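Colleague: I'm new to this one, so could you pick a single part and walk me through it slowly? I'd like to see how that part sits among its surroundings.

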Amino acid sequence: MELSLAHSAQSSPAAAMASSLSGATSARLLPAASRAAARVSLSPSPSSLKCLRSISSSPLTSHLFLQQRRRSIQVPSVSYSGIASPKCAVSTPEQLKSAKEDIKDLLKTTFCHPILVRLGWHDAGTYNKNIEEWPKRGGANGSLRFEIELKHAANAGLVNALKLLQPIKDRYSGVTYADLFQLASATAVEESGGPKIPMKYGRVDVSGPEECPEEGRLPDAGPPSPANHLRDVFYRMGLNDQEIVALSGAHTLGRSRPERSGWGKPETKYTKDGPGAPGGQSWTVQWLKFDNFYFKDIKAKRDEDLLVLPTDAVLFEDPSFKVYAEKYAVDQEAFFKDYAEAHAKLSNLGAKFDPPEGIVIDDGPARPAPEKFEAAKYSSGKRELSDAMKQKIRAEYETIGGSPDKPLKSNYFLNIMIVIAALAVLTSLFGN
Ligand code: HEM
């Protein structure tokens with residue numbers, strides 16, 4: 001059954017937004033009724049924080065500070081009652097572009113970047129390259145919208161991401177869930193300062209819950225042998241060691257919440273005030289900024305308020321993973337390049353595209369295209385130069401140490417003397 005978010009008070013867009021907003025932020029952004037909903041859904045359940053236990057499942061655990069895990073994981077109670085919106089076979093470029101703008105607006109008001117990235121990853125990450133048949137092979141096919149898959153332990157909390165996106169899905173019937181999840185994830189990375197992801201769209205949606213993958217295809221954060229486990233899971237998706245390390249770098253965003261995954265502290269000095277719903281433990285200090293601090297901070301291991309899961313720590317322990325982790329810790333550009341490629345690859349796993357080559361949406365130029373130099377434009381008449389051309393001229397002056405405002409610093413007298421001397425030498429050479 002597809003998850004219906006349209007009919008209950010709890011599942012209204014306002015309540016969904018509330019679940020991701022801090023009290024202070026919601027007070028600013030939401031109307032009174034919505035703020036009331038926000039207050040209700042923001043109070044943490046004490047019972048959900050009760051059964052925590054310490055773990056020591058990695059050789060590095062002594063460095064891992066407080067890692068906490070719950071014995072059982074609760075799936076949020078939501079209303080699952082019917083079809084959310086009309087199904088659609090394929091996405092259209094115009095609607096994809098508009099949906100992207102709406103996602104940007106959503107990000108600006110709710111700060112939900114991290115959970116959208118996790119949503120996209122968990123839809124795609126069920127892919128099994130050893131199964132040819134679609135959609136049995138899993139992957140980016142929108143199956144994560146169904147209750148049965150949302151209830152998988154690994155997906156705890158992702159119902160909130162779906163609630164945030166559902167109003168956008170309702171506005172654009174010409175965008176599939178599979179595309180919307182990946183569009184939201186890539187947009188969240190880009191909008192938080194990360195690299196531009198070379199995305200394509202046109203993913204076809206699965207049509208029913210019976211097409212969801214079985215539970216257990218996504219990685220566990222604290223397995224007995226983290227390196228082997230990561231390889232088992234990611235190799236099954238057709239990804240390699242470099243891609244495992246690069247993609248793990250997405251933990252530069254977001255937080256872990258004990259009441260969802262069982263991992264992390266209930267709150268830290270970096271998360272107690274949000275933005276977004278306060279609480280959880282982040283991997284980085286600025287957990288809404290996409291950068292390479294995930295690698296820097298794991299390496300430094302010096303802040304007890306920052307999270308290091310066993311599967312994060314192993315990136316600096318395993319000899320093959322370590323090569324990439326060390327590189328990304330010192331070279332953000334290399335990380336961004338590898339991350340962008342790996343993210344795009346992840347987003348395509350298991351997907352069936354219609355049209356088969358996919359749809360590339362043109363965002364328009366990220367910055368104004370450089371003005372082409374046309375000699376004719378400047379060769380006659382007195383015309384005002386464009387700003388771009390003025391900048392170009394200024395740059396050219398500056399490379400030779402001058403400025404268009406001031407004459408070049410040069411010794412004209414000396415230049416004339418040199419020319420006269422050169423002429424004198426030539427005359428004496430050829431004159432005889
Ligand atoms: C390598 C194996 C991975 C493991 C074991 C893992 C595990 C986890 C766990 C336990 C959480 C906390 C969830 C919560 O409590 O709400 C989490 C959050 C997150 N994960 Fe991963 N993850 C892995 C890989 C990835 C990948 C490949 C991506 C994206 C490309 C990703 C993106 C995220 C993000 C953005 C969050 C923060 C979500 C939020 O703040 O709501 N993770 N992950």
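Modeller: One bit of vocabulary before we start: two residues are in contact, or touch, if their C-beta atoms, placed from the backbone, lie within 7 Å. Keep in mind, too, that this is a predicted model.

Let's take helix 8, and begin with one residue in the core. Leaving aside residues up to four places away in sequence, Ala 184 touches Ile 103, Leu 116, Leu 119, Gly 120 and Leu 165. Ala 184 also belongs to the largest nonpolar core, which has 81 residues; along with Ala 161 and Leu 180, Ala 184 touches the most other members. Helix 8 supplies the largest share of this core, nine residues. Both domain 1 (93-211) and domain 2 (226-342) give residues to the core, so the core lies between them. As a general point, nonpolar side chains in soluble globular proteins tend to be buried together.

Now the helix as a whole. How many residues of helix 8 are buried? The count is 14 of 15, so helix 8 is largely enclosed by the rest of the structure. Its length also works out: at 1.5 Å a residue, the 15 residues should span 21 Å, and the end C-alpha atoms are 20 Å apart, which agrees.

Next, look at one end of the helix. Glu 191 is found in helix 8, which covers residues 177-191. Is Glu 191 buried or partly exposed? Glu 191 has 18 other C-beta atoms within 10 Å, and a residue needs 20 or more to be buried, so Glu 191 is partly exposed. Not counting residues up to four places away in sequence, Glu 191 touches Lys 104, Leu 107 and His 113. There's a long-range pairing as well: Glu 191 and Leu 288 are 97 residues apart in sequence, yet their C-alpha atoms are 9.6 Å apart in space. After helix 8 comes Gly 193, whose phi is positive, near 100°.

Some of those partners lead to other places you can look at. His 113 is in helix 5 (113-124), and helix 5 gives the shell around the ligand its largest share, five residues. That shell has 23 residues in total, and the closest to the ligand are Pro 114, Ala 250, Gly 254, Ser 256 and Ser 261. Helix 10 (241-248) and strand 3 (255-256) also give two or more residues each. By class, the shell has 12 nonpolar, seven polar and four charged residues. At least three residues of the shell come from each of domain 1 and domain 2.

Just along the chain from there is Phe 111, in the loop between helix 4 (93-110) and helix 5. Phe 111 has a positive phi, near 55°, in a residue other than glycine. With 20 C-beta neighbours inside 10 Å, Phe 111 counts as buried.

To put helix 8 in context, the protein chain has 17 helices and four strands. Of its 432 residues, 41% count as buried. Among contacts between residues at least 6 apart in sequence, 74% join residues at least 24 apart.

Definitions and conventions
Residues numbered from 1 in each chain as written. Predicted model: local features only at pLDDT ≥ 70, side-chain atom pairs only at ≥ 80, totals over all residues. Near = placed C-beta within 6 Å. Nonpolar A, V, L, I, M, F, W, Y, C, P; charged D, E, K, R; others polar. Domains from an automatic or database assignment. Buried ≥ 20, exposed ≤ 12 C-beta atoms within 10 Å, placed from the backbone. Expected span 1.5 Å × (residues − 1). Core = buried A, V, L, I, M, F, W, Y, C linked by C-beta atoms within 7 Å.
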